[in-house]
Amino acid sequence: MIKLENVSYTYMSGGPFEKKALDGISLQIDPGEFVGIIGHTGSGKSTMIQLLNGLLKPDSGRVIIDGEDLSDKKTNLRNIRFKVGLCMQYPEYQLFEETVLKDICFGPLNMGLSKKEAEERARFAANMTGLPESLLEKSPFDLSGGQKRRAAIAGILAMEPKVLILDEPTAGLDPAGRDEILFKIRDMHKRMDLTVLLVSHSMEDVAKLADRIFVLNSGKIEMSGNPSEVFAKSARLREIGLNVPQITRVADRLREAGADIPPGIYTTGDAYRILLPLLNKQNKQIKNN
Amino acid sequence: MLKDITLGQYFPGNSFIHRLDPRTKILIIITYVVMVFLVQNFIGYAALALFLAVCTTVSKISPKYLIRGLKPILVFIIFTGIFNLFLTSGEVIWSMGFLKITREGVRFAAFMVLRLIFLILGTSLLTLTTSPIALTDGMERLLSPFKKIHLPAHEIAMMMTIALRFIPTLLDETDKIMKAQSARGASIDSGNIFARAKAMVPILVPLFISAFRRADELATAMECRCYRGGEGRTRLYELKYGRVDFWGWVYTAALLAVIILLNITFGSF
Ligand SMILES: Nc1ncnc2c1ncn2[C@@H]1O[C@H](COP(=O)(O)OP(=O)(O)OP(=O)(O)O)[C@@H](O)[C@H]1O
Ligand SMILES: [Mg+2]
């Protein structure tokens, strides 16, 4: 279980460019949840998730993972990091080994696994992120941008963390690749009871995948709740530089135009279920006239 | 660890010190360094301390920040002190086994440590009150008379600008890469020296790659904008000497006079 209690964090405190990135954040995430985190650029998303595996220490407040306070000197941060796998924003810049396979093995080997075990996990993780077997013996620097991204994500997956945190994992990927990775992650979330935190600028992705959404605005939690609760407040979301999924906008417009559509439509699936009967009904009316 | 490096960190402001022409500031700093070496007694250091204190107050930079600049070379300062303390010969005032401290050693150690501290504080004040761009501009103008003897003044200044510009970027990048590898369980600051050296590989490789990539991109970007060196290049902001520069020199000259006077009156040590 992940818990933040009134956490604040300031970059370069005391200097001329002091920046309060997080301001009194409290939240709780239960095991097995799929959580989406959205917010305008610079709202503190990346800062917040770096607190969750001890890469940053809060200035005040407490970060608690499975009952262990990360600021406590007795807490073994390495073990926390194996438990909470964090894939940073633009992770492709962390690759360094001679081959992709070796690079993916870096995490598992640090955990103290045998070489054989590590490679098994690495191959599995590469498969999960859609990296073809033929690339595994190549140098990571010869891959394309998207392939590098997949290799970097695989490097985290191979540690088989209980909690997986992804910071904009799909920025810069092609649409097919984006869906492939996200659906594999949802699959893992369902099958292995993985807790997932997904930071994303795509309202569609978050709407489709997350059970619960946290909205950050200037270092504070602006709102939280399940997708239909959050995306119902479209006016406020727009005010803070965000938006609602396109399909929600369509539904809102139709409702304004007088169509009988309930609020809280945020995936194309919902829209399909609601709109199709409406259209059929209208078609019938047209025919009858 | 990386947060302590104040090199190239500039506090924007509009104080007397900030408004000095960068050329004046560079020349004053050179004079200041000469003065630090000229000082022969502790009263002279008191005068220097007063000079710096006044400059710092005028510049409105928190002394805390100035002192923070000493942190990275603290080890060096301590070593200098210890070496001079134990290795200077003279009248022994304390000894234990082969270790002995002499009266001269104490004085000399204090002297060297003060000298280092004053050098760093003075130059930090320069970089804290002068933007890197202004600094290299001033440097270029000061060096331009030497163009006649084929000193590539513009190129030197451009290289310094670029280097200074990229220090914070590379520090940021290092920080990010270190975090990314720690997230994969790399232990950077534990184990013996070999383990530590090996642990640097996952950080240095990506860092070098990204530095080369950046250099490449920058070169392309500069070429796209038709950069072709200093020949015939005009500038957006021309440097101009003003009244503040005059008063800056008066102040510095006064200090120089005081220090020479103190040296004559009180002699060395
Ligand atoms: N290393 C740093 N040093 C100083 N300030 C920083 C640093 N990293 C982030 N900040 C500042 O902290 C604030 C929050 O940044 P953060 O990276 O958490 O935003 P974000 O929500 O992840 O944005 P994005 O969507 O662009 O990734 C920003 O205002 C940013 O300028
Ligand atoms: Mg971010």
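Student: In this predicted model, which of the 15 residues around ligand 1 come nearest?

Tutor: To read a binding shell, begin with the residues that approach the ligand. Here, of the 15 residues around ligand 1, those that come nearest are Gly42(A), Lys45(A), Ser46(A), Thr47(A) and Gln89(A).

Student: Which atoms of Gly42(A), Lys45(A) and Thr47(A) lie at these short distances from an oxygen atom of ligand 1?

Tutor: It helps to separate backbone from side chain. Gly42(A) places a backbone N or O atom 2.8 Å from an oxygen atom of ligand 1, whereas Lys45(A) brings a polar side-chain atom to 2.7 Å from a ligand oxygen, and in Thr47(A) an N or O atom of the side chain is 2.5 Å from an oxygen atom of the ligand. Taken alone, ligand 1 exposes 630 Å², of which the protein buries 72%.

Student: Which elements give two or more residues to the shell around ligand 1?

Tutor: Those elements are β2 (19-29) and α1 (45-51) of chain A, and the largest share, three residues, comes from α1(A).

Student: Turning to the surface, which residues form the nonpolar patch?

Tutor: A patch is read as a group of residues, with an area given for the group. In chain B, Leu27(B), Ile30(B), Val34(B), Leu38(B), Tyr241(B), Trp249(B), Ile260(B) and Ile264(B) form a nonpolar patch on the surface, and together they have about 730 Å² of accessible area. The elements that give two or more residues to this patch are α2 (22-38) and α10 (243-266) of chain B, with the largest share, four residues, coming from α2(B).

Student: Is Leu38(B) buried, exposed or partly exposed?

Tutor: Leu38(B), which is found in helix α2 of chain B, has a relative accessible area of 32% and is therefore partly exposed.

Student: How many disulfides does a search of the whole structure find, and why is Cys105(A) not bonded to Cys87(A)?

Tutor: The test is the distance between sulfur atoms, which must be within 2.5 Å for a disulfide. The search finds zero disulfides over all chains. For Cys105(A), the closest cysteine sulfur is that of Cys87(A), and because the two sulfurs are 16 Å apart, they are too far for a bond. Likewise, the sulfur of Cys224(B) is 8.3 Å from the closest cysteine sulfur, in Cys226(B), which is too far for a bond.

Student: Are Cys105(A) and Cys224(B) buried or exposed?

Tutor: Cys105(A) is buried, with a relative accessible area of 4%, whereas Cys224(B) is exposed, at 62%.

Note on methods
Residues numbered from 1 in each chain as written. Chains lettered and ligands numbered in written order. Predicted model: local features only at pLDDT ≥ 70, side-chain atom pairs only at ≥ 80, totals over all residues. Heavy atoms only, no water. Patch = residues over 30% accessible without salt bridge, like charges linked within 9 Å, V, L, I, M, F, W, Y side chains within 5 Å. Areas by Shrake-Rupley, 256 points an atom, 1.4 Å probe, with all protein chains shown as cover. Salt bridge = Lys/Arg side-chain N within 4 Å of Asp/Glu carboxyl O. Buried < 20%, exposed > 50% of the residue type's maximum accessible area, 1.4 Å probe, protein only. Near = heavy atom within 4 Å. Polar contact = N/O pair within 3.5 Å; in protein donor to acceptor, adjacent residues only side chain to side chain.
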